[in-house]
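Open the model in your viewer and keep the selection tool ready. The stops below each say what to select and what is there.

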Amino acid sequence: MKIKSLEDLDAIKAEGLKSLYPDKPKVSIGMASCGLATGAGRIWDALSQEAEKGTHDFVLAQTGCIGYCQKEPIIDVLRPGKPRVFYREMSPEKALEVVGSLKNGEANTEWALCKMVEEDFLLDDEVRKLGDESPSSDICLSSELGFYNKQLKIALRNCGFIDPENIKEYIARGGYRALWKVLKEMTPQEVIEQIKQSGLRGRGGAGFPTGTKWESCRRASGGIKYVICNADEGDPGAYMDRSVLEGDPHSVLEGMLIGAYAVGSQEGYMYIRNEYPLAIKRIKMAIEQAKEYGLLGEDILGTGFSFHLKINRGGGAFVCGESTALMASLEGKPGEPRAKYVRSVERGLWDRPSTLNNVETWANVPAIVVKGADWYSQIGTEKSKGTKVFSVVGKINNTGLVEVPMGISLREIVEDIGGGVPEGREFKAVQTGGPSGGCVPASLIDLPVDFEQLTRAGSMMGSGGMIIMDQDTCMVDVARYFLAFLEEESCGKCVPCREGIKRSLQILTDITEGYGREEDLETLEDLATTLRDGALCALGTSAANPVLSTLQHFRNEYEAHILDKKCPAGVCTNLIEYSIDPEKCTGCTRCVRVCPQEAITGEKKEPHIIDTSKCIKCGSCVEVCKFDAIIKR
């Protein structure tokens, strides 16, 4: 069926609403990568078999990630006229028990995470009432749960609520209304003006104003223009783009269609890293569905506008996250960046004007078109508008994907949403912006999170990776780790990056191994400055961040490594020493049995000792000691 009118769109929306809200209980399983990795597939198989038996009358559905990855696998149960209830850490057995309770019209509460009594249809300006609270009054509301109560979902508006493989459910929640509005009611320049007035900035790293980029591309001479989606998400610990593509691929597709109309493009590319097979599968399905409904291809919505989209799989090179390196890769060339005096909006892919934005940026576009520039610009800070999606990982109680208004403090993310550092340990730093980002210390925990504030702190927004670190993290070793990653991923085209990162890594390695010298700190700063000022692309220029930020905020740790030959965090093996506290040691012999070097001796029920000449500092003794008798210093 080709959509030609609003009536056609409304008819599909009605079908989608029936799918979203059937007249019988519906059980949805989070089937994104995070859910599948923790066993969602086995839950699906178990509930599919149960549904086939016909013992319980319910609808089984899949959905994307709702963000709370720490609690996966997650399922939710929606009964007609009742609140939606989410269940955490499910197994096939638990899920079957939850489904079994539906037969009696009950809501199982044993593994309940939270409930929702209403849902926000963001693009329709509608709050859909699901039911009153009484049937499950002992289950907390999602708005009361620390992980969710400070979030504002725009890019993630549909993730965890729709079947990502069902275009009708996307349309039911306002999908493709923005495309209709743009093609039927707006000129390309009006679209660009709205994006400019909204203040939307690129969510892939540099934060360049999206509307300005689109306008420059539209004004560029040349008949053929390209629109590109950067889904080459290479930051360690980052999975924002993957989750959007897995949970709501049509939002990205609709955003690209709007961008193509605005800049005058009829052809686009989606560059996805090959390590994202599920995201690739779902965006492929979205493309085929959009073609079937006349939303992609020739004469879209009967307006004469045409757009064709192709998928290109990236080989996992981190440098291809840089725009010109990505375009070189699309052309079949080595993924190497070029100098920026040639702007890609004028001469990009195959020397044609090209507009490139990342997944999250494109996903924001339909919401801005429907809700308006004023609505979007009122969210966030003066220069950083809207929301930002972060993957919060590391030494944190609640790992997961969060979307928060720009300007929220690090404290609110770490303590309120993330639940703080586990086991009462001390929060030490947060690393933002991926390998090329910097480390923000605990002393700046009240820092507002936006593009400008993070840059002033020596870090960057980047694509949205956020790694939390505790007292047992060595900041010198952190800098060494990220420099090692960047050295491996550098294309080596320019001298500052090729030689500067290599030499910086050598110095950092020497420091962590106990061979550091006082003059090394000045050399590191000089090398970082040269990288920042002279490297060809953002990989090289931002490689200075891990070094300069740790030197700025944790210089005392560098000095301890160099002057005292000690690692305060007890991480750098050459600079730590193990011993046994005779007052705490009970002589249980557990440490003796696990020591691979037979470095621990002593009689049973008598204090033991460690022969430091034999000890390889593997830490096995620390792991098995129940009396905290092993001292690491």
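Select Ile 272 and then Arg 313 in β10: the two residues stand opposite each other. This is a predicted model. Widen the selection to residues 267–273, strand β9, and residues 308–314, strand β10. The two strands run parallel, and seven bridges join them. Now add helix α11, residues 277–292. Together, β9, α11 and β10 form a β-α-β unit, and its handedness is right-handed.

Stay in this region and pick Asp 299, which sits in the loop between α11 and β10. What sign does phi have at Asp 299? Phi is positive, about 50°, although Asp 299 is not a glycine. With a relative accessible area of 34%, Asp 299 is partly exposed.

A second residue of this kind is Lys 617, so select the loop between β19 (609–610) and α24 (620–624). Lys 617 lies in that loop. Its phi is positive at about 60°, and Lys 617 is not a glycine either. Lys 617 counts as partly exposed, at 24% relative accessibility.

Next, go to the loop between β2 (59–63) and β3 (75–78), where Pro 73 is placed. Show the backbone from Glu 72 to Pro 73. Is the peptide bond there cis or trans? The bond is cis, with omega near -5°.

The last stops concern cysteines. How many disulfides does a search of the whole structure find? The search finds zero. Select Cys 69 and Cys 65: the sulfur of Cys 65 is the nearest cysteine sulfur to Cys 69, at 3.8 Å, and Cys 69 is in no disulfide. The cut-off for a disulfide is a pair of cysteine sulfur atoms within 2.5 Å, so a distance of 3.8 Å does not qualify. Cys 69 counts as buried, at 15% relative accessibility.

Then move to Cys 591 and show its sulfur together with that of Cys 585. Why is there no bond between Cys 591 and Cys 585? The sulfur of Cys 585 is the closest cysteine sulfur to that of Cys 591, but the separation is 6.0 Å, which is too far for a bond. Cys 591 has 9% relative accessibility and therefore counts as buried, the cut-off for buried being under 20%.

Conventions: Residues numbered from 1 in each chain as written. Predicted model: local features only at pLDDT ≥ 70, side-chain atom pairs only at ≥ 80, totals over all residues. Heavy atoms only, no water. Pairing = 2+ DSSP bridges. Helix = DSSP H or I, 4+ residues; strand = E, 2+ residues; numbered from the N terminus. Right-handed = clockwise from strand over helix to strand, strands pointing away. Buried < 20%, exposed > 50% of the residue type's maximum accessible area, 1.4 Å probe, protein only.
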